[in-house]
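Subject: Structure for your review, with notes

Dear colleague,

Please find the structure below, followed by my notes on what was found in it. I have kept to computed values and have given the cut-offs where each term comes up.

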Amino acid sequence: MEQRAAREESPACACCGEPAVVYQLVTRRHLCGTHLVLDVEERVRATIQETGQISPGDRIAVGLSGGKDSTALLVILSRLLPAWPGASLVAITVDEGIAGYRADTMRAAERLTEWLGVEHRIVSFRELIGDDLDALLLGRETQACTICGILRKKALADAARAAGATAIATGHNLDDEAQSVLMNAFRGDLPRLVRTTGTGTSTAFLPRIKPLMAIPEKEIASYLFVQDLFSVLPECPYTKYALRAEVRTLLSDYECRHPGTMQHLIESKRTIEKYCAGTPVMEPLHRCRECGDPCSGDLCQVCRLRHSLLE
Amino acid sequence: MLPAFQSFHQTMKVILPDQGVRVMEQGQGTVGDLLHEIGINPLEVIVSRNGKLVPEQAAIGGNDEIRIIRIAHGG
């Protein structure tokens, strides 16, 4: 919050001189709405190209919560996809069963897929594990994000396979990625820090791709706002229990005072990944003795969770 | 007959992320100044001036309506 810029009536776009809508902290450029949209879509295209995230003929399952990141992801992919002949999209929304929160985002997801003409599938925790998240969390609210994360990942993977997908795309942005690096470092969790389920890893999992990983969260929100696609949606009631919320505040404060911090964290992760390549950081993959899903131990996280919920 | 001096009373309306409204008189400065004054990190919000998105360096004041929208949600 110490970056105090000089007062300008309306800063001009670095590309065309029109009134700017956003200031890019790292490149120190102002952009108007039109050039922001072009810039974001080009950077996403470059990320996909450089990391080989999509190939011709792929069927990409997009995890669509209805929030801003997944909305932007689906809009951008539906525009970029013609570059990969034969590639197609299917949107998957997971209804966790969170009262007062999920209904609005579900409606937003339905409207968006209808507008874009993208196939939309909805799956729920109730189908997956027999109850809503609200009921599962009674007395264990502080574990909300861990439990929700495990079940959501499983629900999305199962639905993606059922839809014939070849990869799962999620709306993780630059801020999310940097926060994850810091959270794993705080936890001392090296395996999770270097673990990647992206292109080129184990065939036991569907590859997970993150086409927005180079785009700051603020630019994603701005990208949607200038196209009248930004909706103010309710906040998840369990956010207050999340370590991520604390890390987000800390990191955005650093990024504001030292632009580039988030990018440096991600580059550090890549360097560590390079040093760890070929070394046994992760435990070898097994199959869960109950459901057969790939996992690192005897039981997968979902089956372990199912047992603990029955206790 | 009109008075020789007419006073123009200008107030800037600021709509906060929680939908609370602040009316600020004689406010002149930038979006960044306003966010700093009310303790909001500019990376966690987007800001519109009279319905149009503006960067932190944009000037605000007069009868502007400023809306501050929180963008970071979820765990």
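I begin with contacts (heavy atoms within 4.5 Å) inside chain A, where residues 24 or more positions apart account for 70% of the contacts with a separation of 6 or more. This is a predicted model, in which local features need pLDDT of at least 70 and side-chain atom pairs count only at pLDDT 80 or more, whereas totals for chains, interfaces and linings use all residues. Residues are numbered from 1 along each chain as its sequence is written, chains are lettered from A and ligands numbered from 1 in the order in which they are written, and side-chain values use heavy atoms, with hydrogens and water left out.

Chain A as a whole

Chain A has 12 helices and 9 strands, where helices (H or I, at least four residues) and strands (E, at least two) are DSSP runs numbered from the N terminus. For its 311 residues a compact globule would have a radius of gyration near 19 Å, and the 20 Å of chain A agrees with that; the radius is taken over C-alpha atoms, and the globule rule is 2.2 Å times the number of residues to the power 0.38. The C-alpha trace of chain A spans about 65 × 45 × 40 Å along its principal axes.

Of the 311 residues in chain A, 48% are buried, a term that stands for under 20% relative accessible area, with exposed over 50% and partly exposed in between (1.4 Å probe, protein chains only). The accessible surface of chain A is about 15200 Å², and carbon and sulfur atoms hold 52% of it; such areas come from the Shrake-Rupley method with a 1.4 Å probe, and for residues only the protein chains shown count as cover. As for charge, chain A carries 36 positive and 40 negative side chains, and the centres of the two sets lie 3 Å apart. Here Lys and Arg count as positive and Asp and Glu as negative, while His and the chain ends are not counted; each charge is placed at NZ of Lys, CZ of Arg, CG of Asp or CD of Glu.

Single residues in chain A

A:Asp175 lies in helix α7 (residues 174-187) and counts as buried because its relative accessibility is 6%. Not counting residues up to four places away in sequence, A:Asp175 touches A:Pro216, A:Glu217 and A:Met262, and its C-alpha is 8.0 Å from that of A:Ile215, although the two are 40 residues apart in sequence.

A:Gly67 sits in the loop between β3 (59-63) and α2 (68-80), and with 18% relative accessibility A:Gly67 also counts as buried. Its C-alpha is separated by 9.6 Å from that of A:Asp104, 37 residues apart along the chain.

A:Asp228, by contrast, is exposed, with a relative accessible area of 74%. The residue is found in the loop between α9 (217-225) and α10 (243-257), and A:Asp228 has a positive phi of about 60° although it is not a glycine.

Chain B

Chain B has 1 helix and 7 strands, which follow the pattern β-β-β-α-β-β-β-β along the sequence. Buried residues make up 52% of its 75 residues, and its accessible surface comes to about 4000 Å², 50% of which belongs to carbon and sulfur atoms. In chain B, 52% of the contacts with a separation of 6 or more are between residues 24 or more positions apart.

B:Asn50, in the loop between β4 and β5 (52-54), is not a glycine but has a positive phi near 50°. At 46% relative accessibility, B:Asn50 counts as partly exposed.

Where the chains meet

The contact between the chains takes 36 residues from chain A and 31 residues from chain B. Together they bury about 2900 Å², 60% of it on carbon and sulfur atoms; buried area is the accessible area (1.4 Å probe) that two parts lose on being put together, summed over both. On the chain B side, B:Leu43, B:Leu53 and B:Gln57 lose the most area to chain A, together 23% of what that side buries.

B:Leu43 is placed in the loop between α1 (31-38) and β4 (45-49), and its 14% relative accessibility makes B:Leu43 count as buried. Apart from neighbours within four places in sequence, B:Leu43 is in contact with A:Leu25, A:Lys218, A:Ser252, A:Glu255, A:Cys256 and B:Ile71. The C-alpha atoms of B:Leu43 and B:Leu53 are separated by 14 Å, with their positions 10 residues apart along the chain.

With kind regards
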